[in-house]
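Please walk me through the fold of this protein chain. I would like the strand pairings, the helices and the unusual backbone angles.

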Amino acid sequence: MTSPDQHEAQHDPVRDYLDRGIKNYWYPVAPSWQVSNAPVGLTRLSEQIVLWRDHDGKVHALEDRCPHRGARLSLGWNLGGNIACWYHGIEVDGGGTVNRVPAVSNCPLEGMKCVKSYPVEEKAGAIFLWFGDEAHGEPAPLNLPEELVADEYAHFLCVSNWKCNYQYAIDNVMDPMHGAYLHATSHSMAEGDKQADMRVRKTDTGLMFEKIGQRDVNFDWVELGETGCLWMRLAIPYKQKFGPGGNFGIIGFATPVDGDHCQVYFWRTRKVGGWQRDVWRFMYRNRLEGLHWDVLEQDRYVLESLAPHARDHEYLYQHDVGITRVRRMLRQRAQEHLSALDAHRAAHAAAEPANG
């Protein structure tokens with residue numbers, strides 16, 4: 001039998017919106033290597049999308065739907081600036097406009113924008129899309145952490161598909177204390193106290209959640225940033241035998257796929273240059289990458305094994321204040337988005353009689 005609290009949660013429009021994936025942010029949707037000549041179909045934020053590269057290598061993104069009969073454009077042909085539907089050959093450009101209907105002369109579809117298009121940025125070895133709603137059509141600037149854009153950093157991108165809602169993936173990163181337990185056998189997280197006092201403090205771009213009195217020992221802090229996208233940053237201390245460059249940094253994103261699946265992106269970073277960069281990259285590929293995947297797999301396995309509707313039955317304590325602050329922030333953003341969307345639709349509806 002459903003309890004009153006569960007019944008209310010199931011009909012909470014803000015929670016429903018968050019579960020599908022909060023909009024008005026840039027999200028990484030695919031590693032760059034995944035998109036080459038052939039169109040690629042994928043689902044992100046419960047939206048079906050097709051990606052392809054034109055002859056100059058630029059990535060285009062559209063709703064994965066031919067305006068004629070609804071066939072998947074991702075099954076079609078890459079014509080460079082256009083994509084052609086496999087079903088009847090309809091050609092659509094990167095902005096969503098039908099350029100050619102080969103089966104009919106002077107078809108009224110030609111010249112019409114019939115398909116949703118997505119703003120695209122390609123940075124740090126990943127393809128980012130802007131998921132704006134009707135009230136936020138113009139994308140915000142995409143400002144990534146310096147570890148992903150500055151020349152003095154080297155980075156490797158790890159991408160994994162997890163069978164859990166993206167909010168659980170964010171909660172996992174915003175919980176530094178689990179490193180001393182879940183990852184206790186890791187080469188980089190085997191040390192440090194298994195008890196700690198935690199605190200949250202604001203930063204210029206979000207918040208920092210950290211252990212008090214312990215730094216550079218284990219997974220001791222995590223930062224959430226909101227800079228046109230939602231990213232998380234943390235650092236794991238490394239001994240000299242694991243290569244040059246000081247602490248090992250991680251920049252993480254959790255991209256919603258649908259209500260029950262997400263895709264996680266973790267850039268492993270280190271501040272190195274010259275010959276040290278070559279040493280670090282060699283050591284990462286040959287000695288460390290497999291160990292890091294083991295840690296990611298531990299996270300994935302636990303999150304995919306959580307009890308059904310786990311968030312409805314939690315008993316949180318002081319170490320979870322970072323999680324609760326981020327959840328509160330996301331809920332506030334969701335409320336702002338839904339209010340702006342309601343106002344936009346009301347204004348549009350009021351303007352329609354006048355335009356008519």
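## Strand pairs, helices and loops

E121 has F128, in strand β10, as its bridge partner. The model is predicted, and this pair is a good place to enter it. E121 belongs to strand β9, residues 120–123, and β10 covers residues 126–131. Four bridges join these two strands, which run antiparallel. Together β9 and β10 form a hairpin, with two residues between them. In the turn, A124 has a positive phi of about 55°.

**The chain as a whole.** The chain holds six helices and 17 strands. It has 356 residues, and buried ones make up 50% of them. Take the contacts between residues at least 6 apart in sequence: 58% of them join residues at least 24 apart. The exposed surface of the chain comes to about 17700 Å². Carbon and sulfur atoms supply 51% of that area.

**A three-stranded sheet.** Strands β2, β3 and β4 make an open sheet, in the order β2-β3-β4. The pairing is antiparallel. Which strands lie at the edges? They are β2 (40–44) and β4 (59–63), each of which pairs on one side only. On average, neighbouring strands of this sheet are turned by 30° against each other, with direction ignored. Five bridges join β2 to β3, and β3 spans residues 47–53. Within this pair, G41 stands opposite V50 of β3. Strands of a sheet pair through backbone hydrogen bonds.

**Helix α2.** This helix covers residues 13–20. D12 caps its N-terminal end. A side-chain oxygen of D12 lies 3.0 Å from the backbone nitrogen of V14. V14 is itself buried, as are R15, Y17, L18 and D19. Just after α2 comes G21, with a positive phi of about 130°.

**Helix α5.** This helix runs over residues 274–304. Where is the kink in α5 centred? It is centred on L288, and it amounts to about 60°. L288 is also among the buried residues of α5. The others are W280, M283, Y284, E289, H292, V295, L296, D299, R300 and L303. An α-helix has 3.6 residues a turn, so residues three or four places apart point the same way. The cover over the buried residues of α5 includes helix α4 (166–173). It also includes three strands: β11 (153–162), β16 (248–258) and β17 (261–271).

**Positive phi in loops.** Most residues other than glycine have a negative phi. Two loop residues go against this pattern.

| Residue | Phi | Loop | Relative accessible area |
|---|---|---|---|
| N106 | near 55° | between β8 (98–100) and β9 | 73% |
| H309 | near 55° | between α5 and α6 (321–355) | 53% |

Are these residues buried or exposed? N106 is exposed, because its relative accessible area of 73% is over the 50% cut-off. H309 is exposed too, because its 53% is also over 50%.

The loop with N106 leads from β8 to β9, and β9 in turn pairs with β10 in the hairpin. The loop with H309 sits between α5 and α6.

Key
Residues are numbered from 1 along each chain as its sequence is written. This is a predicted model: local features need pLDDT of at least 70, side-chain atom pairs count only at pLDDT 80 or more; totals for chains, interfaces and linings use all residues. Side-chain values use heavy atoms; hydrogens and water are left out. Two strands pair if DSSP finds at least two bridges between them. Axes are lines fitted to C-alpha atoms, for helices over the stretch in contact, and angles run from 0 to 180 degrees between N-to-C directions. The bend at a residue is the angle between axes fitted to the seven residues ending there and the seven starting there. Buried means under 20% relative accessible area, exposed over 50%, partly exposed in between (1.4 Å probe, protein chains only). Contact means heavy atoms within 4.5 Å. Accessible areas come from the Shrake-Rupley method with a 1.4 Å probe; for residues, only the protein chains shown count as cover. A polar contact is a pair of N or O atoms within 3.5 Å; within protein, one must be able to donate a hydrogen and the other to accept it, and residues adjacent in sequence count only if both atoms are side-chain atoms.
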